[in-house]
Amino acid sequence: MERIYNKIQQNLAEKVDREVTPEEWTDWKWQLKHSIKTIESFERLTGIKFKRGDRQKLEETLEKFPLSITPYYLSLIDIDEYELDPIFRQSFPNPKELIVTKFDIKDPLAEDKDSPVACITHRYPDRLLFLVSNTCSMYCRHCTRKRKVGDVDSIPTKQEIMKGINYIKENLMVRDILLSGGDPFMLSDDYLDWILTELQKIPHVEVIRIGTRIPAVLPYRVTDELVAVLKKHHPIWINTQFNHPREITTSAEKSLKKLADAGIPLGNQSVLLAGINDCPRIIKNLLHKLVKNRVRPYYMFQCDLSEGLSHFRTPVGKGIEIMENLIGHTSGFAVPRYVIDAPDGGGKIPIMPQYIISWGTNKVILRNYEGTITSYKEPDSFEPYFCDRKCEKCKLQLKLEKAEEYNVVGIAKLLDDFDKTISLTPESNDRMKRREE
């Protein structure tokens with residue numbers, strides 16, 4: 001049994017409950033039961049006192065966006081420097097959350113618009129998002145789903161979950177399911193087991209992914225019993241969210257070890273946050289700690305245009321600067337993809353520093369991370385000897401087991417010689433409207 005491992009946590013635990021034992025502190029249900037949900041309890045446990053005017057603004061913020069911090073995550077806050085502390089800023093409300101700019105969007109990723117049935121967002125052809133929970137162990141202040149997370153009136157029912165499962169059954173192209181929420185690990189082991197079992201009964205579902213913040217904010221939830229459930233349903237992939245190196249504690253490392261030892265591939269999706277991790281040295285340190293714990297950095301997200309997040313957003317140039325300080329400066333597998341999740345359901349768009357300087361008929365001019373400029377000679381003649389790009393009649397490379405026909409979309413249409421599309425034109429194009437007239 002893991003014991004309370006530092007004096008700060010022991011003192012905090014005794015303030016929460018004088019009779020608390022080390023075993024209770026590491027019980028995830030005890031942590032949830034004693035989550036900090038009011039300004040008053042936060043002040044009592046930390047000794048921080050807010051001025052009357054500041055406190056009133058904080059209370060107004062909580063009327064719109066609730067507060068919930070596990071005692072574990074609260075114990076990571078540096079009380080002496082709390083206003084600048086990255087743990088505090090991610091977990092404690094800020095009146096700036098009530099500032100809604102004209103560019104903010106309630107549902108910036110159009111998840112509700114792309115929802116054919118309750119709990120499902122179907123945007124990409126072969127994969128979809130399945131929202132199985134609306135609760136989290138902690139309400140992150142930068143959450144893109146602030147509009148619904150924590151709303152007890154919109155927690156999915158079992159009937160709604162079943163509708164989502166039936167939708168997946170009816171759509172044969174769907175091979176990859178991402179369970180998210182809220183946090184799927186807030187569900188009971190039995191309920192999560194039921195969902196995973198139903199999904200794995202579907203023949204065309206090949207991969208199930210789970211998005212969770214649990215290892216960062218409530219690592220005690222990763223119990224032996226939960227891991228046993230997950231091991232039953234391979235292939236399971238888990239993406240977590242660590243945004244700052246200080247979140248990777250001894251307890252967090254133990255939870256990650258349990259998952260990795262169970263044969264579950266682990267990824268991390270950080271969010272670039274102003275005043276929290278918008279520094280190349282912080283991000284690089286975070287990435288190195290992740291790979292040390294067998295977690296592959298997957299995405300670094302530009303902060304979304306959700307309402308109340310403007311104070312968290314950095315310029316895109318800051319993300320490019322960070323990527324410049326990663327590519328070539330650390331192991332390739334430790335470098336995440338920097339992406340913007342495009343508004344109105346446009347999907348994830350990779351943003352990279354520019355490495356192609358110029359492009360001629362048979363040469364590409366490139367630069368590397370050092371600034372060295374070099375050329376790459378392209379073939380003088382390239383003929384697709386074995387490919388006429390008529391994929392549906394292919395008897396060579398595409399002679400694959402269980403190969404399926406599918407229609408290309410977007411830019412891929414222009415690259416496919418078999419498809420007759422020669423241009424993609426926005427509906428609002430005035431030239432096309434004049435043609436119609």
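This is a short dialogue on how to read a few features of a predicted model.

Me: Let's begin inside. Where do nonpolar side chains tend to be in soluble globular proteins?

Reply: In soluble globular proteins, they tend to be buried together. In this predicted model, the largest nonpolar core has 84 residues. Those with the most contacts inside this core are Phe-42, Phe-130, Ile-168, Leu-179, Leu-199 and Leu-230. Apart from it lies another core, of nine residues, including Phe-301 and Phe-312.

Me: What does Phe-42 touch, not counting residues up to four places away in sequence?

Reply: Phe-42 touches a set of residues that includes Ile-36, Ile-48, Phe-50, Leu-74, Phe-88 and Phe-92. Gly-47 is also one of its contacts, and Gly-47 follows helix 4 with a positive phi, near 85°.

Me: Now helix 4. How many of its residues are buried?

Reply: Buried means under 20% relative accessible area. Six of the eight residues of helix 4 (residues 39–46) are buried, so this helix is largely enclosed by the rest of the structure. The buried ones are Ile-39, Ser-41, Phe-42, Glu-43, Leu-45 and Thr-46. Their cover includes helix 1 (7–16), helix 5 (52–64), helix 6 (71–74) and helix 7 (86–91).

Me: Let's try a charged residue. Is Arg-213 buried or exposed?

Reply: Arg-213 counts as buried, because its relative accessibility is 8% and the cut-off for buried is under 20%. You will find Arg-213 in the loop between strand 4 (207–211) and helix 10 (214–217).

Me: Which partners does the side chain of Arg-213 reach?

Reply: The side chains of Arg-213 and Gln-90 are joined by a polar contact of 2.8 Å. The Arg-213 side chain also reaches the backbone oxygen of Gln-241 at 2.6 Å. Beyond four places in sequence, Arg-213 touches further residues, among them Tyr-73, His-142, Asp-183 and Glu-247.

Me: And on the surface, which residues form a nonpolar patch?

Reply: Look at Ile-411, Leu-414, Leu-415 and Leu-424, which together have about 410 Å² of accessible area. Leu-415 belongs to helix 15 (residues 411–415) and counts as exposed because its relative accessibility is 65%, where exposed means over 50%.

Me: Last one: how can I read a loop residue such as Asn-362?

Reply: Start with its place, between strand 10 (356–359) and strand 11 (363–367). Asn-362 is partly exposed, with a relative accessible area of 29%. Then look along the chain: Glu-378 is 16 residues apart from Asn-362, and their C-alpha atoms are separated by 4.9 Å. Leaving aside neighbours within four places in sequence, Asn-362 is in contact with Tyr-376, Lys-377, Glu-378 and Asp-380.

How values were computed. Residues numbered from 1 in each chain as written. Predicted model: local features only at pLDDT ≥ 70, side-chain atom pairs only at ≥ 80, totals over all residues. Heavy atoms only, no water. Helix = DSSP H or I, 4+ residues; strand = E, 2+ residues; numbered from the N terminus. Buried < 20%, exposed > 50% of the residue type's maximum accessible area, 1.4 Å probe, protein only. Polar contact = N/O pair within 3.5 Å; in protein donor to acceptor, adjacent residues only side chain to side chain. Contact = heavy atoms within 4.5 Å. Patch = residues over 30% accessible without salt bridge, like charges linked within 9 Å, V, L, I, M, F, W, Y side chains within 5 Å. Areas by Shrake-Rupley, 256 points an atom, 1.4 Å probe, with all protein chains shown as cover. Salt bridge = Lys/Arg side-chain N within 4 Å of Asp/Glu carboxyl O. Core = buried A, V, L, I, M, F, W, Y, C linked by side-chain atoms within 4.5 Å.
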